[in-house]
Amino acid sequence: METRPAAWVWLIPLRDLDGDGRAIQLGALAAMSLLPGQERFVGDPLRMALAGLAEESRHPFVVEANGDPVGMLTLQRTAARLAGWPDDHSAWLLRGFLIDRRHQGSGLGTRAATAAVEAARRLTARHSTGESGVVLSVNEENPAALAAYRRAGFVDAGRYLGGSSGPQRTMFHSFVGTL
């Protein structure tokens, strides 16, 4: 399947959908797959979405491009230490981020990471929770993800050895300078 370049990326918040809309999006997530070896960096998309819906601190999103679901991500409050950040409350944790194998390599990861920062900024403003940005951890053996996050404006904040799949890089994107 050839992927045409996306003119835009949209994050669909699963919590905001009615039952039918949510079922459609969850079905799309269930059909997504990863390239061989990527499963060690990220989990099953459907399972991650359901876990996100079950926990109040998580906000799961479907990544859409050109009108089609192409990935997913979750923003989580009070969990930044899971990415090697010094505290849980000053940053949103970006976790469970993936782009379906059929849509990788076309810049969607960078666009979705940028959109995730904006979504987190809006959530912080709406709920007056005080986070200053978004943090994530990415495996050092995942150069494509490291490059995508850098292109999206994330800055390397150091090495983190707490990940279950080997050494990680903690990366942070401040809300300062975002619209």
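Helix H3 has a long list of buried residues: Leu108, Gly109, Thr110, Ala112, Ala113, Ala115, Ala116, Val117, Ala119, Ala120, Leu123 and Thr124. Here "buried" means under 20% relative accessible area, "exposed" means over 50%, and "partly exposed" is in between, with a 1.4 Å probe and protein chains only. Helices (H or I, at least four residues) and strands (E, at least two) are DSSP runs, numbered from the N terminus.

Before going further, a word on what you are looking at. This is a predicted model, in which local features need pLDDT of at least 70 and side-chain atom pairs count only at pLDDT 80 or more, while totals for chains, interfaces and linings use all residues. Residues are numbered from 1 along each chain as its sequence is written, and side-chain values use heavy atoms, leaving out hydrogens and water.

## Helix H3 and what follows it

H3 covers residues 108–127, which makes 20 residues. From its first C-alpha to its last it reaches 28 Å, close to the 28 Å expected at 1.5 Å a residue; the expected span is 1.5 Å times one less than the number of residues. An α-helix has 3.6 residues a turn, so residues three or four places apart point the same way. With that in mind, try finding the buried Ala112, Ala116 and Ala120 of H3 in the structure.

Just after H3 comes Ser128, with a positive phi of about 50 degrees. Ser128 belongs to the loop between H3 and strand E5 (133–139). Is Ser128 buried or exposed? Its relative accessibility is 65%, so Ser128 counts as exposed.

## The whole chain

Now step back to the full picture. The chain holds four helices and seven strands, and along the sequence they follow the pattern β-α-α-β-β-β-α-β-α-β-β. The radius of gyration is 15 Å, close to the 16 Å that the globule rule gives for 179 residues, so the chain is as compact as a globular protein of that length. That radius is taken over C-alpha atoms, and the globule rule is 2.2 Å times the number of residues to the power 0.38. Along the principal axes, the C-alpha atoms fill a box of roughly 40 × 35 × 30 Å.

Of the 179 residues, 46% are buried. The accessible surface of the chain comes to about 8,900 Å², and 54% of this belongs to carbon and sulfur atoms; such areas come from the Shrake-Rupley method with a 1.4 Å probe, and for residues only the protein chains shown count as cover.

Contact means heavy atoms within 4.5 Å. Among contacts between residues at least 6 apart in sequence, 63% join residues at least 24 apart.

## Some residues to find

Val63 is a good place to start. This residue sits in strand E2 (residues 58–65) and, at 0% relative accessibility, counts as buried. Beyond its neighbours within four places in sequence, Val63 has contacts that include Val9, Trp10, Leu11, Ile99 and Ala112. Ala112 also appears among the buried residues of H3.

After E2, the loop that leads to strand E3 (68–76) contains Asn66. Asn66 is not a glycine, yet its phi is positive, near 55 degrees. With a relative accessible area of 23%, Asn66 is partly exposed.

Which residues does Trp8 contact, leaving aside its neighbours within four places in sequence? They are Glu64, Ala65, Asn66 and Gly67. Trp8 itself lies in the segment before strand E1 (9–13) and is partly exposed at 38% relative accessibility.

Two glycines complete the tour. Gly153 is in the loop between helix H4 (143–151) and E6; its relative accessible area of 34% makes Gly153 partly exposed. Outside its neighbours within four places, Gly153 touches Phe172 and His173. Gly158 is in strand E6 (residues 155–160) and is buried at 18%. With the same neighbours within four places set aside, Gly158 is in contact with Gln168, Arg169 and Thr170.

The table gives C-alpha separations for some pairs of residues.

| Pair | Apart along the chain | C-alpha to C-alpha |
|---|---|---|
| Val63 and Leu108 | 45 residues | 8.8 Å |
| Gly158 and Gly84 | 74 residues | 8.6 Å |
| Trp8 and Gly71 | 63 residues | 14 Å |
| Gly153 and Ala113 | 40 residues | 8.9 Å |
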